[in-house]
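User: Please take a close look at one part of this model: the pairing of charged side chains. Set it in the context of the whole chain, and keep the sentences short.

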Amino acid sequence: MSLLKTIDPNSAEAPRESKPVPERLISGDPSFKTWAQDVARDGLVHTGVWEATPGLTRSIKGETFEFCHILQGVVELTPDDGEPVTYKAGDSFVMKPGFTGTWRTIETVRKIYVTVM
């Protein structure tokens, strides 16, 4: 097993498709695609590419740390205790464990993610 992993932002593999769970949907009809590309540390670290269509959902990280790098699109994250922050293609950010707020996909977004549980 190689200890070097390239994340393919345009994977030819079929993605896992999903929708937000009803209790997290605020508005719109967003759909999600996930191209999971690697799992490490006994399932605690996940990497891949994720895409979402426009809509507004509740974001709750729990004990998960997530790094995101936006490849395309525009999103607005609003922490429960803060002001909205907009991210677009080329931007990177981290949602730390305990983050709660809203995730608004303004333009279909595609991101590289790394989660650590």
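Analyst: A residue is called buried under 20% relative accessible area, exposed over 50%, and partly exposed in between. L71 has a relative accessible area of 30%, so L71 is partly exposed. The same cut-offs serve for the charged residues below. Keep in mind that this is a predicted model.

Start with the frame. The chain has nine strands and zero helices. Along the sequence the pattern reads β-β-β-β-β-β-β-β-β. The C-alpha trace spans about 40 × 30 × 30 Å along its principal axes. A compact globule of 117 residues would have a radius of gyration near 13 Å; the chain has 14 Å, which agrees. Of the 117 residues, 35% are buried. Contacts between residues far apart in sequence carry weight here: among contacts with a separation of 6 or more, 65% join residues 24 or more positions apart. The accessible surface comes to about 7,100 Å². Carbon and sulfur atoms hold 54% of that surface.

Now the charges. The chain has 13 positive and 16 negative side chains. The centres of these sets lie 1 Å apart. Side chains of opposite charge can pair when their charged atoms come close. How many salt bridges does the rule give? The count is seven.

Take E51 and R110. Their side chains form a salt bridge, with 2.7 Å from N to O. E51 sits in strand β4 (residues 45-52) and R110 in strand β9 (residues 100-116), so this pair ties together parts 59 residues apart in sequence. Are these partners buried or exposed? Both E51 and R110 are buried.

E66 and K111 come next. Their salt bridge is also 2.7 Å from N to O. E66 belongs to strand β6 (residues 65-79) and K111 to strand β9. The pair links distant parts of the chain, 45 residues apart. E66 has a relative accessible area of 6%, which is under 20%, so E66 is buried. K111 has 4%, so K111 is buried as well.

K88 and D91 give another salt bridge, at 4.0 Å from N to O. The rule accepts a nitrogen within 4 Å of a carboxyl oxygen. K88 is partly exposed, at 48% relative accessible area. D91 is partly exposed too, at 22%. Salt bridges with shared partners join K61, E66 and K111 into one network.

Which residues does L71 touch beyond its sequence neighbours? Leaving aside residues within four places, L71 is in contact with P9, A89, R110, K111 and I112. That list includes R110 and K111. R110 is the partner of E51, and K111 is the partner of E66. L71 itself lies in strand β6, the strand that also holds E66. For a distance check, take W50, which is 21 residues from L71 along the chain. The C-alpha atoms of L71 and W50 are separated by 9.9 Å.

T57 offers a view of another region. T57 is part of strand β5 (residues 55-60). Its relative accessibility is 10%, so T57 counts as buried. Not counting residues up to four places away, T57 touches P20, R24, L25, I26, P30, F32, G101, T102 and W103. G101, T102 and W103 in that list fall within strand β9, residues 100-116. Strand β9 thus brings the account back to R110 and K111. V114 is 57 residues from T57 along the chain, and their C-alpha atoms are separated by 20 Å.

Charged residues in a loop round off the picture. R41 lies in the loop between β3 (32-40) and β4. D42 lies in that loop as well. R41 is exposed, at 67% relative accessibility. D42 is exposed, at 84%. Phi is positive at each: near 50° for R41 and near 55° for D42. Neither R41 nor D42 is a glycine. Set these beside the strand pairs: E51 and R110 are buried, whereas R41 and D42 are exposed.

Technical notes:
Residues numbered from 1 in each chain as written. Predicted model: local features only at pLDDT ≥ 70, side-chain atom pairs only at ≥ 80, totals over all residues. Heavy atoms only, no water. Helix = DSSP H or I, 4+ residues; strand = E, 2+ residues; numbered from the N terminus. Rg over C-alpha atoms; globule rule 2.2 N^0.38 Å. Buried < 20%, exposed > 50% of the residue type's maximum accessible area, 1.4 Å probe, protein only. Contact = heavy atoms within 4.5 Å. Areas by Shrake-Rupley, 256 points an atom, 1.4 Å probe, with all protein chains shown as cover. Lys, Arg positive; Asp, Glu negative; His and termini not counted. Charge placed at Lys NZ, Arg CZ, Asp CG, Glu CD.
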